[in-house]
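Student: I have a structure open and I'd like to go through it piece by piece. Can we start with the DNA?

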Protein chains: 2
Amino acid sequence: MHPLFSQQVPYAELIQSSVPADFLLLDRDTPGGPMTSAEHSPLTRKLSAFVALSEVELAVLERLHQRRRSFAAGRDMVHQGQSAQAAYILSSGWVCSYKLQADGTRQIVDFQVAGDFLGLRSVLLRTSDHSFEPVVDIEAAEVLKSDLLDAFSRTPRLATAILWAASRDEAMVVEHLVGIGRRDADARMAHFLLELGSRLALVGIGSKEGYDCPLTQYHLADALGLSAIHVNRVLRQLREGGMVTFREGHVTFHDYGRLVEIAEFDPAYLDQTGPLLK
Amino acid sequence: MHPLFSQQVPYAELIQSSVPADFLLLDRDTPGGPMTSAEHSPLTRKLSAFVALSEVELAVLERLHQRRRSFAAGRDMVHQGQSAQAAYILSSGWVCSYKLQADGTRQIVDFQVAGDFLGLRSVLLRTSDHSFEPVVDIEAAEVLKSDLLDAFSRTPRLATAILWAASRDEAMVVEHLVGIGRRDADARMAHFLLELGSRLALVGIGSKEGYDCPLTQYHLADALGLSAIHVNRVLRQLREGGMVTFREGHVTFHDYGRLVEIAEFDPAYLDQTGPLLK
DNA sequence: CGTTAGTTTGATGGTCCTCAAGCACTGTGG
DNA sequence: CCACAGTGCTTGAGGACCATCAAACTAACG
């Protein structure tokens with residue numbers, strides 16, 4: 001049997017695993033009191049912006065962070081073609097997922113930052129074909145397929161939240177495609193920097209003022225479909241235009257409004273002002 | 001990613017929506033007896049290439065095709081921003097999904113052909129923000145969220161197959177992104193035509209010889225991130241190079257091998273020689 | 001028979017790539 | 001301490017690729 005299908009995802013079980021509502025009020029597994037807000041992981045923080053999570057859901061979510069792992073910058077975590085054994089929840093650092101072409105050029109498809117899942121699809125469906133490279137040294141929690149399915153069947157609402165976040169990531173890939181296809185270099189860069197800012201703000205490490213960003217101009221080039229040299233010129237233009245500065249690992253917005261304008265940035269698909277699920 | 005896990009509808013409600021199994025044997029809307037193999041829908045045909053489906057699974061699958069709908073070419077089925085009420089399984093014709101930008105340009109994200117799902121994510125997760133436009137008059141089956149969830153809970157293997165197909169579509173979007181970012185116009189066009197060929201072959205309306213294709217050069221332009229004029233020139237080059245002809249709604253491959261070469265086309269991620277699930 | 005949609009070709013120019021080179025900074029080893 | 005290499009940023013010059021403008025052509029259609 002093909003590896004892709006070697007393990008079935010028990011959808012029916014998942015769906016039928018609904019439990020009485022009051023069960024949700026019991027917390028059987030976690031010892032100790034409820035968590036304080038400060039202890040929450042970035043993922044928890046991100047999901048809390050969309051869904052008001054219960055105590056149990058919070059506990060299950062935090063328990064997914066058990067198996068901590070570190071990866072060194074620059075060494076691929078997963079290589080193109082290799083089938084993934086586990087997914088990861090990134091707790092700190094930056095990762096890029098990319099595809100390599102025969103002629104040596106690469107296209108970065110997406111970046112992952114704190115609170116993002118990595119390899120979710122590949123672990124659930126065994127279909128993934130890009131590489132993951134940590135941009136800096138990272139900390140991540142390894143999540144086995146069984147952990148995930150277990151968590152999903154315990155707390156379906158949490159499942160919804162996680163899948164919703166994953167779906168949002170895909171919307172960003174589409175937006176990325178549109179950007180590369182139909183925006184010029186300036187707008188593309190502006191859009192990219194704004195989107196990153198929004199994502200980081202969700203996990204509390206960015207704002208409309210700016211954020212720390214360890215990416216090199218080569219990363220930007222590979223992500224935006226430009227040459228590194230042109231990236232440099234574009235950044236200069238944006239800087240001299242008084243809109244945004246990207247220097248020494250830090251992005252500073254000087255004129256957020258105008259940047260939004262030239263990027264035609266629509267934050268609606270990322271921004272949510274409050275929990276959507278009650 | 002997997003829309004399917006997610007129900008915004010409470011799980012309890014979902015379960016209550018289940019109907020007795022023998023209901024499946026009744027055909028309220030479509031007249032006529034049970035299906036013979038030759039009558040199988042394109043979707044069935046496509047999935048059968050990946051998974052050997054049981055009688056019951058086939059029946060459930062065909063059952064999803066109850067509510068037949070027609071849509072006229074050129075009139076959006078779903079408009080950007082509007083939340084979808086239903087998903088569709090395309091049984092004949094072509095559809096494109098695209099995003100419009102403020103400056104009027106559009107980027108086609110993907111095409112759907114016979115056997116493809118349309119709006120799967122948007123109906124399950126309520127997150128979709130592109131428009132769907134039939135390229136020609138089409139026939140489709142409307143699939144309500146409840147139908148889908150019901151089918152999934154009955155036949156989990158079928159659910160896996162459908163999600164796998166959806167995941168494959170997403171892989172194509174990623175490949176599309178790579179193409180726009182890192183391939184020149186010739187390679188982009190070659191890759192696009194080859195990919196379409198592979199997809200159509202799966203549902204039996206295309207081969208390595210060629211296929212019918214109702215797309216205009218404007219469609220190609222919007223999909224590939226080029227101007228229509230340049231599309232025309234690229235097509236001429238490929239034609240004069242003796243590789244492929246695209247004329248009067250028909251694509252004819254003259255030198256498949258060389259086309260694969262200049263496109264750096266890797267059919268592995270689409271091609272499957274036989275059923276994977278036994 | 002004019003209109004519209006789609007295709008084709010030419011001319012011109014802008015965006016962005018490539019090649020080339022210099023600079024700043026860091027770490028390494030003699 | 002200094003030579004050296006490596007990484008990343010910066011700037012210039014020339015040219016390829018592709019967009020834009022303009023216009024002719026075909027086919028379909030009322």
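Tutor: Yes. Three helices each supply at least two residues of the surface near DNA strand C: helix 9 (228-240) of chain A, and helix 8 (217-224) and helix 9 (228-240) of chain B. Keep in mind that this is a predicted model.

Student: Which helix gives the most to the surface near DNA strand C?

Tutor: Helix 9 of chain B, with four residues.

Student: And which residues come nearest to DNA strand C?

Tutor: There are 16 residues around DNA strand C, and those that come nearest are Leu226(A), Ile229(A), Gln217(B), Tyr218(B) and Asn232(B). As for the DNA side, sugar and phosphate make up 61% of the atoms of DNA strand C that come within 4 Å of the protein.

Student: What lies close to a phosphate oxygen of DNA strand C, say from Ser227(A)?

Tutor: An N or O atom in the side chain of Ser227(A) is 3.0 Å from a phosphate oxygen of the strand. From the other chain, Arg236(B) has a polar side-chain atom 3.0 Å from a phosphate oxygen of DNA strand C. Gly225(A) uses its backbone: a polar backbone atom there is 3.4 Å from a phosphate oxygen of DNA strand C.

Student: How many nonpolar, polar and charged residues are there in the surface near DNA strand C?

Tutor: Five are nonpolar, six polar and five charged.

Student: OK, now DNA strand D. Which residues come nearest there?

Tutor: Gln217(A), Asn232(A), Leu226(B), Ser227(B) and Ile229(B) come nearest, out of 15 residues around DNA strand D. Of the strand's atoms within 4 Å of the protein, 62% belong to sugar or phosphate, and the rest to bases.

Student: What about the phosphate oxygens of DNA strand D?

Tutor: Gln217(A) has a polar side-chain atom 2.8 Å from a phosphate oxygen of DNA strand D. The side chain of Arg236(A) has an N or O atom 3.1 Å from a phosphate oxygen of that strand. For Ala185(B), a backbone N or O atom lies 3.1 Å from a phosphate oxygen of DNA strand D. The elements that give two or more residues to this surface are helix 9 of chain A and helix 9 of chain B.

Student: Which one gives the most near DNA strand D?

Tutor: Helix 9 of chain A, with four residues. By class, the surface near DNA strand D has four nonpolar, six polar and five charged residues.

Student: Let's leave the DNA. Is strand 3 of chain B mostly covered or mostly uncovered?

Tutor: Mostly covered. Strand 3 (residues 95-100) of chain B has five of its six residues buried.

Student: Which strands does strand 3 of chain B join, and by how many bridges?

Tutor: Strand 4 (residues 106-112) of chain B runs antiparallel to strand 3, and six bridges join the two. Leu100(B) has Arg106(B) as its bridge partner in strand 4. Strand 6 (residues 131-134) of chain B is also antiparallel to strand 3, joined by four bridges, and there Val95(B) stands opposite Pro134(B).

Student: What sits between strand 3 and strand 4 of chain B?

Tutor: Five residues lie between the strands of that hairpin, and Gly104(B) takes a positive phi near 95° in it.

Student: What about the open sheet of chain B, in what order do its strands come?

Tutor: The order is 1-7-2-5, an open sheet of four strands with antiparallel pairing. Strand 1 (67-71) and strand 5 (117-118) stand at the edges with a single partner strand each, so one side of each has no neighbour in the sheet. Strand 2 (residues 87-92) and strand 7 (residues 138-143) of chain B pair over five bridges, with Tyr88(B) partnered by Glu142(B).

Student: Last topic. Is Asp222(B) buried or exposed?

Tutor: Asp222(B) is buried, because its relative accessible area of 16% is under the 20% cut-off. This residue lies in helix 8 of chain B.

Student: What does the side chain of Asp222(B) make a polar contact with?

Tutor: With the side chain of Arg182(A), at 3.0 Å. Beyond its neighbours within four places in sequence, Asp222(B) is in contact with Arg182(A), Arg106(B), Gln107(B) and Ile108(B).

Terms used: Residues are numbered from 1 along each chain as its sequence is written. Chains are lettered from A and ligands numbered from 1 in the order in which they are written. This is a predicted model: local features need pLDDT of at least 70, side-chain atom pairs count only at pLDDT 80 or more; totals for chains, interfaces and linings use all residues. Side-chain values use heavy atoms; hydrogens and water are left out. A residue is near a molecule or strand if one of its heavy atoms lies within 4 Å of it. A polar contact is a pair of N or O atoms within 3.5 Å; within protein, one must be able to donate a hydrogen and the other to accept it, and residues adjacent in sequence count only if both atoms are side-chain atoms. Ala, Val, Leu, Ile, Met, Phe, Trp, Tyr, Cys and Pro count as nonpolar, Asp, Glu, Lys and Arg as charged, and the others, Gly among them, as polar. Buried means under 20% relative accessible area, exposed over 50%, partly exposed in between (1.4 Å probe, protein chains only). Two strands pair if DSSP finds at least two bridges between them. Contact means heavy atoms within 4.5 Å.
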